[in-house]
Number of protein chains: 2
Amino acid sequence: MRNDTVASTPTTTRAARRAASQARILDAAREEFGRRGFEATTVRDIAHRAGVDPSLVLQHYGSKSALFTAAIQLPAGEPQEAADHLADVLNVRAAALPPEMRALVRSMLTVPEASEAVRRHLDERIGNLAAGIGGPDAELRAAIAVSSILGLTVARHFLQLRDVSSASDDDLVRVATQALTAALQPQRSD
Amino acid sequence: MRNDTVASTPTTTRAARRAASQARILDAAREEFGRRGFEATTVRDIAHRAGVDPSLVLQHYGSKSALFTAAIQLPAGEPQEAADHLADVLNVRAAALPPEMRALVRSMLTVPEASEAVRRHLDERIGNLAAGIGGPDAELRAAIAVSSILGLTVARHFLQLRDVSSASDDDLVRVATQALTAALQPQRSD
DNA sequence: GTCTATATACCGATAGAC
DNA sequence: GTCTATCGGTATATAGAC
């Protein structure tokens, strides 16, 4: 970090400012895309939130679409064991949603790229979960459980349904865990 | 309706053509809004699908927003008894989605008016369901069940998750009904 | 009543000054 | 490296011809 000979600019190293701007733009993009979705968000909105000039946004990321792609990248989640990751996911969903996830979900119904990203993400989760529970209809039961978590996420963080939003994190996690655990049990086929 | 003196146009009654155009425009609007959402849909798209001139669309409905409002109105569902309506909803969601519901859900994450409409609709369903099941956490359990159905709807008809889309209507309804029935049961509080 | 032409505005993106 | 100015395109919406 202090690899340079002489600091011509006293405090901020010349290229570090650029990197800082780039990061601020990305944060601002996640926030704006997460609030109103890809289409309603303008490059000018993002620039204003980041405190930079609109042209800088495109200078750094090339296009609005490329910036969106960068903004919705999820941190590579570990493959994870099996069914106990259900509790993790549920906890994450009950509390605040990470900015990149929020941006991704906000546009999943209207932007094909976001739709694909969510599909891939959830298909993978379903596969892992199905492998962990076994029994008849394992894939379908796992898919229903994962879809239910998606529905809860939308209900709580985007639609703000009354009884989902007003519940405490603890209550929601407790009751939802019970419900999903029950839902994951194999059923008699009579 | 036949208050006028003489039919100057022989076959099509003068105002009947206008009503027919209006209905065709509304159908086309539901289709287009349901496919790509409110913002990505242009008045020109709707006019093209309806086979009319773009300016006619605004002549009839005043604005794109007013047309959207008309397009997402749900047929007033009866209050309905209680828990057995769960099966109805599930069946509807497993098969095809009505055009106005599809248009509504497609934009529920990006258009405030659609978000509010879905919230009101689901809050009402939750209230009815909660009243029918009783027990501890009735509202929360009902909210989780309704949110799960929403998640399944999104997964099947919008994201097309692998294991949800590939399942037959019968399998999906059977397993989901089992899962939701289990989820709605009161749990021991130990 | 339906279509042509256009007003008005805002968007994404680019070029060039500093 | 950052900002100013602007281009080109497209949208909604309106006014007027037929």
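In what follows, Ala, Val, Leu, Ile, Met, Phe, Trp, Tyr, Cys and Pro count as nonpolar, Asp, Glu, Lys and Arg as charged, and the others, Gly among them, as polar. The structure is a predicted model, in which local features need pLDDT of at least 70 and side-chain atom pairs count only at pLDDT 80 or more, while totals for chains, interfaces and linings use all residues. Residues are numbered from 1 along each chain as its sequence is written, chains are lettered from A and ligands numbered from 1 in the order in which they are written, and side-chain values use heavy atoms, with hydrogens and water left out.

The description begins with DNA strand D. A residue is near a strand if one of its heavy atoms lies within 4 Å of it. The surface near DNA strand D has 3 nonpolar, 5 polar and 3 charged residues; among them are A:Asp53, A:Leu56, B:Thr41 and B:Arg44. Of the strand D atoms within 4 Å of the protein, 52% belong to sugar or phosphate, and the rest to bases. Several polar contacts can be named, a polar contact being a pair of N or O atoms within 3.5 Å; within protein, one atom must be able to donate a hydrogen and the other to accept it, and residues adjacent in sequence count only if both atoms are side-chain atoms. The side chain of A:Ser55 has an N or O atom 3.5 Å from a base oxygen of DNA strand D. Phosphate oxygens of this strand lie 3.2 Å from a backbone N or O atom of B:Val43 and 2.8 Å from a polar backbone atom of B:Lys64. Two or more residues of this surface come from each of α3 of chain A and α2 (43-50) and α3 of chain B; helices (H or I, at least four residues) and strands (E, at least two) are DSSP runs, numbered from the N terminus.

DNA strand C is surrounded by 13 residues, of which the closest are A:Val43, A:Arg44, A:Leu58, A:Lys64 and B:Asp53. Sugar and phosphate make up 60% of the strand C atoms that come within 4 Å of the protein. A polar side-chain atom of A:Arg44 is 3.2 Å from a base nitrogen of DNA strand C, whereas A:Val43 places a backbone N or O atom 3.2 Å from a phosphate oxygen. By class, the surface near DNA strand C has 3 nonpolar, 5 polar and 5 charged residues.

The two protein chains also meet each other. Their contact, meaning heavy atoms within 4.5 Å, takes 47 residues from chain A and 47 residues from chain B. The area buried between them is about 4,000 Å², of which carbon and sulfur atoms give 67%; buried area is the accessible area (1.4 Å probe) that two parts lose on being put together, summed over both. Across this interface there are 2 salt bridges, each a side-chain nitrogen of Lys or Arg within 4 Å of a carboxyl oxygen of Asp or Glu. B:Arg174 and A:Asp137 form a salt bridge at 3.4 Å, N to O. On the side of chain A that touches chain B, α8(A) gives the most, with 14 residues.

Helix α8 of chain B holds B:Ser147. This residue touches A:Gly151, A:Leu152, A:Ala155, A:Leu161 and A:Val164, not counting residues up to four places away in sequence. B:Ser147 counts as buried because its relative accessibility is 0%, where buried means under 20% relative accessible area, exposed over 50% and partly exposed in between (1.4 Å probe, protein chains only). Its side chain reaches the backbone oxygen of B:Ala143 at 2.7 Å.
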